[in-house]
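Welcome! Here are some short exercises, each with a worked solution. Have a look at the sequence and the model, then try each task before reading on.

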Amino acid sequence: MAIETARGAALDLHDLGKSYGGLKVLEGVNLNVAPGEFITFLGPSGSGKTTTLNLIAGFAAPDPGGRMQLDGRSLAEVPAHKRDIGVVFQNYALFPHMTVRENIAYPLKQRRPRPDRATIERRVEQVLTLVHLEAYGDRRPDQLSGGQQQRVALARAVVFEPKLLLLDEPLGALDKRLRESLQLELRRIHRELGVTIIFVTHDQDEALTLSDRIVVFREGAVEQIGTPAELYNNPGSEFVATFLGDSN
Ligand code: ADP
């Protein structure tokens, strides 16, 4: 079912960096993401993937000098909740005391102006259908499997029709079979919504399967950017070759 969602946004990162207490954890990140692209941030633990996502989402401020633009508009002065970016982060849990429907409706109810009740109900049903959870709307999160909970988180992230979706290891806690089926779902949702996606993983197979382009991170910097085929066939460094090769 097609739903009336704006197509994806363009995202431009220029010389983005981040320091914590004088220690630089991210430096010189440049990236131009086309509308509707599926981009994966790939790299070992601690390489700066989540930090970059946090800067884009507005959960942390970049060091002075860096620039971020969404559809050509600077994000510098825009607070996180006004960026219209959907996020599924591992530590961004569902509200345990709310039903699935209430969880999904929550971001819509926070919006100003607040949509009317009929609009909220219609949107919630649309995204429940999108993630194939029509029958689970009245359950609470603890009555769902891990995979179903992730689907609810995804529905909640897209309910206000964001043009950019940030997904931080959304499949990380799931077993292999479930991961693979949710990977397919994610591709379908990406196709249906046309939303721009940035997906973080340290799983090479997942990156190669899902992405239009992969950004390889190493020690707080971008090591290489390319399509899965480009990276696989022409790795720019021993690091990229070894890291991608690890999956085989
Ligand atoms: P990844 O997502 O690739 O695993 P992160 O972006 O989470 O990596 O972390 C990159 C580096 O930044 C790590 O060395 C981490 O310890 C450091 N870091 C992340 N957040 C903070 C913070 N709030 N304070 C201090 N250091 C941090």
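**Exercise 1. Find the loop that holds Pro113, and describe the peptide bond before this residue.**

Solution. Step one: Pro113 sits in the loop between helix H2 (100–110) and helix H3 (117–130). Helices (H or I, at least four residues) and strands (E, at least two) are DSSP runs, numbered from the N terminus. Step two: the bond from Arg112 to Pro113 is cis, with omega near -5 degrees.

Two notes on reading the model will help. Residue numbers start from 1 along each chain as its sequence is written. The model is predicted: local features need pLDDT of at least 70, side-chain atom pairs count only at pLDDT 80 or more, and totals for chains, interfaces and linings use all residues.

**Exercise 2. Work out the strand order of the open sheet, and name its edge strands.**

Solution. Step one: the six strands have the order E6-E7-E8-E3-E9-E10, and the pairing is mixed. Two strands pair if DSSP finds at least two bridges between them. Step two: strand E6 (85–88) and strand E10 (221–226) are the edges, as each pairs on one side only. From one strand to the next, the twist averages 15 degrees; axes are lines fitted to C-alpha atoms, for helices over the stretch in contact, and angles run from 0 to 180 degrees between N-to-C directions.

Step three: look at some pairs. E6 and E7 are parallel over four bridges, and Val87 stands opposite Leu166 in E7. E7 is also parallel to strand E8 (residues 196–201), over five bridges, with Asp168 opposite Val200 in E8. Strand E9 (residues 213–218) and E10 run antiparallel, joined by five bridges; there, Arg218 has Ala221 in E10 as its bridge partner.

**Exercise 3. Is E7 covered or open, and which way do its residues point?**

Solution. Step one: five of its five residues are buried, so E7 is mostly covered. A residue is buried if 20 or more other C-beta atoms lie within 10 Å of its own, exposed if 12 or fewer, and partly exposed in between; C-beta atoms are placed from the backbone. Step two: in a regular strand, side chains alternate between the two faces of the sheet. Leu164, Leu166 and Asp168 point one way from E7, while Leu165 and Leu167 point the other way.

**Exercise 4. Which residues surround the ligand, and which element gives the largest share of them?**

Solution. Step one: the shell consists of Tyr20, Val25, Gly43, Ser45, Gly46, Ser47, Gly48, Lys49, Thr50, Thr51 and Phe217. A residue counts as near if its C-beta atom, placed from the backbone, lies within 6 Å of the molecule. Step two: H1 contributes the largest share, three residues. Step three: nine of the nine residues of helix H1 (residues 49–57) are buried, so this helix is largely enclosed by the rest of the structure. Gly58 follows H1, and its phi is positive, near 95 degrees.

**Exercise 5. Where are Glu161 and Glu219, and what is the sign of phi at each?**

Solution. Step one: Glu161 is in the loop between H4 and E7, and Glu219 is in the loop between E9 and E10. Step two: although Glu161 is not a glycine, its phi is positive, about 55 degrees. Glu219, also not a glycine, has a positive phi of about 50 degrees. Step three: Glu161 is partly exposed because 17 other C-beta atoms lie within 10 Å. Glu219 is partly exposed too, with 14 other C-beta atoms within 10 Å.
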